[in-house]
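Biologist: Could you give me a close look at one part of this model, beginning with a single residue and following the chain outwards from there?

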Amino acid sequence: MLDPKHFRNDISITADKLKLRGFDLDTASFTALEEKRKALQVATQELQNERNSRSKNIGKAKAQGQDIAPLLAEVSDLGEKLDAAKAELDDVLNQVNAITSLVPNIPDESVPPGKDESENVEILKWGTIPTFDFEPKDHVDLGDNSAKGLDFESAAKLSGSRFVVMRGQIARMHRALAQFMLDTHTSNHGYTELYVPYLVNESALYGTGQLPKFGEDLFHTKPATESGLGMSLIPTAEVPVTNLASGEIFDEEQLPVKLTAHTPCFRSEAGSSGRDTRGLIRQHQFDKVELVQLVKPEDSMQALEELTGHAEAILQALELPYRKVILCSGDIGFSAAKTYDLEVWLPAQDTYREISSCSNMQDFQARRMQARFKRKSEKKPELLHTLNGSGLAVGRTLVAILENYQQADGSIAVPAVLQNYMGGCTVISA
RNA sequence: GGUGAGGUGGCUGAGUGGUUGAAAGCACCGGUCUUGAAAACCGGCGUACGUUUGUAGCGUACCUAGGGUUCAAAUCCCUACCUCACCGCCA
């Protein structure tokens with residue numbers, strides 16, 4: 001949610017900025033609606049004022065033992081007028097809210113303008129792309145080799161497409177990766193580890209911006225006893241972790257808050273039925289280690305650099321070649337003001353694929369969830385800034401290791417930093 | 001799942017349907033006193049929105065949330081959520 005002032009005071013500037021990311025704000029009709037809201041609100045409050053003062057007078061008269069019947073007669077139609085005014089105001093407020101809750105964040109000035117992902121800008125490349133003296137296989141074939149380490153057929157039997165069963169050393173490496181990531185972020189980067197619910201309510205999803213616009217990307221549970229969506233499976237740990245701040249007022253000294261959690265993520269992948277159907281890249285269920293920071297507004301851009309660096313540190317420790325991309329204005333997510341994507345090299349696809357997305361949401365989510373902090377020198381609480389990033393997507397990291405560490409015989413070398421997590425195992429044999 | 005009791009400001013905790021945004025205490029902030037600190041005393045101490053040049057004043061809303069009754073609701077009624085206690089069940 002944007003600051004309402006953006007809509008009231010400088011709506012045309014706001015509309016211009018939103019156009020950069022491909023969002024059309026109908027300023028004329030919104031301004032008209034806003035005028036209406038203002039007039040109705042004033043009128044309603046005046047009626048309430050009148051009712052309040054008259055009611056007080058009735059109370060006083062009654063206390064003095066006077067006859068209140070004539071006073072009651074005077075206010076008889078006030079109630080109806082008030083109800084009508086309230087209903088009208090409610091209606092307009094709902095309309096305003098319906099619009100503003102669908103307006104995305106404004107891109108930061110440092111974000112390059114652009115229409116779609118083709119105009120994202122590469123910031124850096126890290127690592128050396130491996131060369132093979134044989135035809136590199138993709139992770140599906142490699143996983144199939146190692147005693148059905150990646151078993152998509154079995155998963156399809158259990159659940160359908162876009163699920164996987166992992167076995168043996170592959171499953172263990174998957175677990176090792178998550179452990180390694182968590183340990184690195186807690187020990188080296190100053191994050192506090194969390195365990196959080198995987199089912200969340202509607203208000204949490206609203207807080208981080210998944211609702212009301214992106215409900216169809218989620219899996220919803222609907223117990224027989226409930227109406228509506230019921231609880232929803234988290235599409236990312238960002239939802240439960242960031243919403244911990246909802247309704248809170250932090251002391252200035254408590255910031256920055258740095259949190260990390262390893263959770264499964266569930267996405268319906270509606271609208272991407274034809275994309276990445278092969279393999280582990282796009283699943284309905286995948287694991288991710290998430291990084292979240294709550295910071296003061298003046299610190300958030302620097303925090304984004306650091307948080308992205310924390311995700312990069314994992315790729316570097318695993319010696320996986322990657323590149324860092326800044327998303328252009330047309331490609332950033334709904335709630336984000338600025339986003340870096342980290343893309344890992346996948347030899348079989350001969351290209352870089354997204355493995356992490358790190359964003360500064362500024363006060364966009366904080367406003368939705370009323371997450372605030374108080375400066376020592378100030379009386380009024382201020383909205384804090386929220387950031388999050390994947391550090392990293394575990395399934396895709398596994399894909400990257402299988403493909404980059406593969407050997408001619410189809411075996412997989414185990415990256416040095418993972419060996420201790422795998423009982424000293426140095427190679428997963430074919 | 002059953003039964004019972006509750007949800008009031010940062011915390012504790014009052015509150016017969018009527019000048020209650022809400023007593024009191026604690027915490028916190030400012031001041032007096034003191035060489036300094038403590039104690040004591042004095043004063044202040046919620047959020048959002050509207051009006052406005054205004055961090056002034058005034059108005060409105062908010063006592064878990066949403067409905068209802070009433071001229072008037074923290075106070076009465078209904079529903080949801082949550083908490084606590086006991087019972088049942090359970091990894």
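**A residue and its surroundings**

Modeller: Leaving aside residues up to four places away in sequence, Asn-105 touches Leu-2, Leu-18, Arg-21, Phe-334, Ser-335, Ala-336, Ala-337, Met-361 and Phe-364 (contact means heavy atoms within 4.5 Å). The model is predicted, so local features need pLDDT of at least 70 and side-chain atom pairs pLDDT 80 or more, while totals for chains, interfaces and linings use all residues. Residues are numbered from 1 along each chain as written, chains are lettered from A and ligands numbered from 1 in written order, and side-chain values use heavy atoms, without hydrogens or water.

Asn-105 sits in the loop that lies between helix H5 (78-100) and strand E1 (121-126) (DSSP runs of at least four residues for a helix and at least two for a strand, numbered from the N terminus). Because its relative accessible area is 3%, Asn-105 is buried (under 20%, 1.4 Å probe, protein chains only). One of the residues it touches, Met-361, offers a backbone oxygen 3.2 Å from a polar atom of the Asn-105 side chain.

Phe-364, another residue that Asn-105 touches, belongs to helix H12 (residues 364-369). Gln-365 is also found in H12, and it counts as buried because its relative accessibility is 0%. Beyond four places in sequence, Gln-365 touches Gly-207, Thr-208, Glu-238, Thr-242, Ser-335, Thr-386 and Asn-388. Ser-335 thus appears among the contacts of Asn-105 and of Gln-365.

The loop that holds Asn-105 ends at strand E1, which leads to a set of paired strands. E1 runs antiparallel to strand E10, with five bridges between them (pairing requires at least two DSSP bridges). Within this pair, Trp-126 has Tyr-322 of E10 as its bridge partner. On E10, five further antiparallel bridges lead to strand E11 (residues 338-346), where Val-344 is the partner of Tyr-322. Tyr-322 therefore bridges to Trp-126 in one direction and to Val-344 in the other. Why is E10 largely enclosed by the rest of the structure? Strand E10 (residues 322-326) is so enclosed because four of its five residues are buried.

In summary, the view begins at Asn-105, buried in its loop, takes in Gln-365, buried in H12, and ends at E10, which pairs with both E1 and E11.

Conventions: Buried < 20%, exposed > 50% of the residue type's maximum accessible area, 1.4 Å probe, protein only. Polar contact = N/O pair within 3.5 Å; in protein donor to acceptor, adjacent residues only side chain to side chain.
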